[in-house]
Amino acid sequence: LYKPSKPLTLSKLKFVLSGVHDEIDRESLKDYILTHGGSVRSAVSGVTDYLVIGKILEDGRDVVEGKKYKEALGRNVTIIRGVSELNALVKKCDHKMVDDDPE
């Protein structure tokens, strides 16, 4: 996972996790988001910023069949497909913080 240069890179962002991720277990992914200032919720709501999905659900179904995925679509929540897209988001947020830093 990408190591941001600024602390709290994901500050104020709310995430929901769904599905199995090949590259990392759910608890480690949750810890990564929390460590960098984001929050992780159990369900998609009107305040959710991102749904991070794996390829399949825990029961083996395709992730697009899941309730969280369908709820995210209905609420226009940005869907992040896997760790590589999460890394891209963290890099983008990190670079924005560096660019906005008055130092």
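Helices (DSSP runs of H or I with at least four residues) and strands (DSSP runs of E with at least two) are numbered from the N terminus, and by this definition Asn87 lies in helix H3. The model is a predicted one, in which local features need pLDDT of at least 70 and side-chain atom pairs count only at pLDDT 80 or more, while totals for chains, interfaces and linings use all residues. Residues are numbered from 1 along each chain as its sequence is written, and side-chain values use heavy atoms, with hydrogens and water left out.

**Exercise 1. Describe the fold and its overall dimensions.**

Step 1. Begin with the elements: the protein has 3 helices and 4 strands, and along the sequence they follow the pattern β-α-β-β-α-β-α.

Step 2. Turn to the radius of gyration, which is taken over C-alpha atoms and set against a globule rule of 2.2 Å times the number of residues to the power 0.38. Because the protein has 103 residues, a compact globule would have a radius of gyration near 13 Å, and the protein's 14 Å agrees with this.

Step 3. Add the extent of the C-alpha trace, which spans about 50 × 30 × 15 Å along the principal axes of the protein.

**Exercise 2. Find the residues that make up the nonpolar cores.**

Step 1. Recall that nonpolar side chains tend to be buried together in soluble globular proteins.

Step 2. Fix the terms: a residue is buried under 20% relative accessible area, exposed over 50% and partly exposed in between, with a 1.4 Å probe and protein chains only. A nonpolar core is a set of buried Ala, Val, Leu, Ile, Met, Phe, Trp, Tyr and Cys residues joined through side-chain atoms within 4.5 Å.

Step 3. Apply them: of the 17 residues in the largest nonpolar core, Leu10, Phe15, Ile33, Ile80, Leu86 and Leu89 touch the most other members. Strand E1 (14-18), helix H1 (26-35), strand E3 (50-53) and helix H3 (82-100) each supply at least two residues of this core, and the largest share, 5 residues, comes from H3.

Step 4. Note that a second, separate core of 10 residues includes Ile53, Val63, Ala72 and Ile79.

**Exercise 3. Work out the surroundings of Tyr50 and Asn87.**

Step 1. Locate Tyr50, which is found in strand E3 and, at 17% relative accessibility, counts as buried.

Step 2. List its partners, taking contact to mean heavy atoms within 4.5 Å. Leaving aside neighbours within four places in sequence, Tyr50 is in contact with Leu13, Lys14, Phe15, Val16, Val77, Thr78, Ile80 and Leu89.

Step 3. Compare sequence with space: Tyr50 and Phe15 are 35 residues apart in sequence, and their C-alpha atoms are 4.9 Å apart.

Step 4. Treat Asn87 likewise: it counts as buried at 16% relative accessibility, and, with neighbours within four places in sequence left aside, Asn87 is in contact with Leu1, Tyr2 and Tyr32.

**Exercise 4. Examine Leu8 and Asn76, taking backbone and exposure in turn.**

Step 1. Consider the backbone: Leu8, although not a glycine, has a positive phi of about 60 degrees, and Asn76, also not a glycine, has a positive phi of about 55 degrees.

Step 2. Place both residues: Leu8 lies in the segment before E1, whereas Asn76 is found in the loop between helix H2 (67-74) and strand E4 (78-81).

Step 3. Judge the exposure: Leu8 counts as partly exposed because its relative accessibility is 47%, while Asn76 is exposed, with a relative accessible area of 72%.
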